[in-house]
Amino acid sequence: MTDYDWRPEQARKSLNRIFPGVEEKFADKLVDIHGDWQKFKIRLNTQWERLFTYLHALYGWQYDFFYTIERVLYSLVEYWLQRPPELKLLDEKRQADPNWFLSEKVVGIVLYVDLFSDNLTKLKDHIPYFKKLDLNYLHLMPLFSVPRGDNDGGYAVSDYRAINPDLGTMSELSELTIRLREEGISLALDFVFNHTSDEHAWARKARSGDPDYLNYYFTYPDRELPDQFQKYLRDIFPTIRRGSFTWNEEMQRWVWTTFNSFQWDLNYSNPEVMRAMMEEMLYLANQGVEIFRLDAVPFIWKRLGTNCENQPEAHTIIRAFNAMAKIAAPCILFKSEAIVHPDEVVKYIHPDECQLSYNPLLMALVWESLATKEVKLLEHSMRHRNRIPAGCAWVNYLRCHDDIGWSFDDDDARKVGIDPIGHRKFLNMFYTGKYPGSFARGVPFQFNPENGDIRISGTLSSLAGLEEAVEKGDNELIEKAVRRINMLRAIQVSIGGIPLLYGGDEFGQMNDYTYVTDPTRINDSRWVHRAKRRWEARDDLADQDTLEWRFFREMVKLFRLRKEIPAFQNGGMEVISTGNPHLFGYIRTFENQRILAINNFSDKPQKADTGSLEIYGARGDVVNLLSSKVVSIEGGLLVEDYRAVWLDIS
Ligand code: GLC
């Protein structure tokens, strides 16, 4: 016998109690929008029970729970009323086609406004550049008001409703989203919801001793609780600071700061924080943001005696935000930024939680395969770890603004005969160029003296060997690096999910070491791959056969081809056995179309045997869609070194 679940009935009762007051309060605003209001009510009725359940799980034990849900409901209506009509239309469009982002037509880019175009106004002038790449998803790195100096690349937000004045204004951002929508481009922004900067108004009020705002953060008068928590916590930025707590002189209290000492973790066990952050999110949604990258999701709930990562409540909080968005701004999608163990990464992916997620495992393992020239770990891991729920998609990236961490599963490694600990050391040596024969020019990030761990910074090009090759002026090495890069890109666009280009990689931008001259950046090697765009240099070179333009044209070609191949939409991906340790192969299928992709991670041509390929239905002569040439499978398929092939085996 299952227990009686009282929640549906109580959810309904509570709504019935609260709702008349809502209609009364907003009566004059509702008179002219009867149709829209009916639609809002349908969404509210559909989502309310689950929203109630999540909020009850988080806050039901607090005596003022009814007040919490009442305030949430009032805010949902208030922010929905403020939503511009064109965004309400977009909501309807997306509701009619909720899986739009699974399409092979969706490709994206992420960039820093200041590094790309100085500011938002000038960014608008570069929309034709996005059109050249045929992009329809633009992620702007955090552009909110932040403390001067070190602000963790924008991730220490002082005001979610104000743009960093160096970059522009909130109305410029809204105008930009209008222009972008006209061009079919959706805007993604970060929702930095784990922490605020210590200059945020909430933090300032906490510092001044306001008890309501002290409760927005985790602060402690002495080390008793911090010490108990600390035993189980890992250091995220160990070279900058040990431990997760920062002493604040003004308050005479310790503050929980998972990342930098100026980034104060928000206390989601306080329902006021949940509601306040919901309002910030809906405010931004009303400016035209369509996709929120949920920053640092694993850290949003703390529990004594655990490492305070990936707690069940973290999922409940995101699901509550998801339900709130579906009520008041239903076009919104969430992208999870969980760069943790692969078992945990997938738990955030669900239509009711984050419909999108970074794919850190694929990212790390393509680099792992480049270093080893073998694909066994990639093949094994992708075979059993790539599947996610229907209605969700991976966001596939090769590089981003952060470092690379080797987040594969230890048992996966052991299963294919790799010692995980030694292997991570090897990869770190390899990508910092210390391993004999390495082509990579990475920079160590966050050396942890306790366990010897490091992560890797560097651009796609520098890590793939281009920097070294160009420096040596060796054309053969340059060619190899170019091929490596293009092969990784071919995987990124074909394996399933949204390919997300890291701005600059489209033309092969290399490491920029000037960050070491900036005292606010010298301790953060991630700035090596956050370089200012040299438009002049690129525009002058237009259409010439420079490396930059070769990369650019290849990117355009790969995106164009992807959009012509329905099998590349999100969905099933079957990893195949190629019978060759250097060849990574998979099949993509849609209706009658079947594409067999094979990628050669070795620096020598490699053969996949006919027998292996025939099992998957490949025989005789087939077209390689990447080169538009016919190739024969008879006698085995020969794949050139560092090349990808896309065989149409429909
Ligand atoms: C995320 C960001 C990273 C930042 C951290 C703290 O991991 O990607 O750049 O340092 O969150 O906000």
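**Exercise 1. Polar contacts of the ligand**

Task: A polar side-chain atom of D295 lies 2.8 Å from an oxygen atom of the ligand in this predicted model. Which distances do the side chains of H195 and R526 give?

Solution.
Step 1. Take H195: an N or O atom in its side chain is 2.9 Å from an oxygen atom of the ligand.
Step 2. Take R526: the corresponding distance from its side chain to a ligand oxygen is 3.2 Å.
Step 3. Apply the cut-off: a polar contact requires a pair of N or O atoms within 3.5 Å.
Step 4. Add the cover: on its own the ligand has 310 Å² of accessible area, and the protein covers 95% of that.

**Exercise 2. The shell around the ligand**

Task: State which residues surround the ligand and how they divide by class.

Solution.
Step 1. List the residues: D152, Y155, H195, F237, F259, Q263, R293, D295, E337, H401, D402 and R526.
Step 2. Sort them by class: the shell holds six charged, three polar and three nonpolar residues.

**Exercise 3. The setting of K302**

Task: Is K302 buried or exposed, and what does its side chain reach?

Solution.
Step 1. Locate the residue: K302 sits in the loop that runs between strand 11 (291–294) and helix 14 (312–328).
Step 2. Classify it: K302 counts as buried because its relative accessibility is 10%, and the cut-off for buried is under 20%.
Step 3. Find its polar partners: the K302 side chain makes a polar contact of 2.6 Å with the side chain of D265, and reaches the backbone oxygen of F299 at 2.8 Å.
Step 4. Collect the contacts beyond four places in sequence: N194, F218, F229, W256, T258, D265 and C308 touch K302.

Terms used
Residues are numbered from 1 along each chain as its sequence is written. This is a predicted model: local features need pLDDT of at least 70, side-chain atom pairs count only at pLDDT 80 or more; totals for chains, interfaces and linings use all residues. Side-chain values use heavy atoms; hydrogens and water are left out. A residue is near a molecule or strand if one of its heavy atoms lies within 4 Å of it. A polar contact is a pair of N or O atoms within 3.5 Å; within protein, one must be able to donate a hydrogen and the other to accept it, and residues adjacent in sequence count only if both atoms are side-chain atoms. Accessible areas come from the Shrake-Rupley method with a 1.4 Å probe; for residues, only the protein chains shown count as cover. Ala, Val, Leu, Ile, Met, Phe, Trp, Tyr, Cys and Pro count as nonpolar, Asp, Glu, Lys and Arg as charged, and the others, Gly among them, as polar. Helices (H or I, at least four residues) and strands (E, at least two) are DSSP runs, numbered from the N terminus. Buried means under 20% relative accessible area, exposed over 50%, partly exposed in between (1.4 Å probe, protein chains only). Contact means heavy atoms within 4.5 Å.
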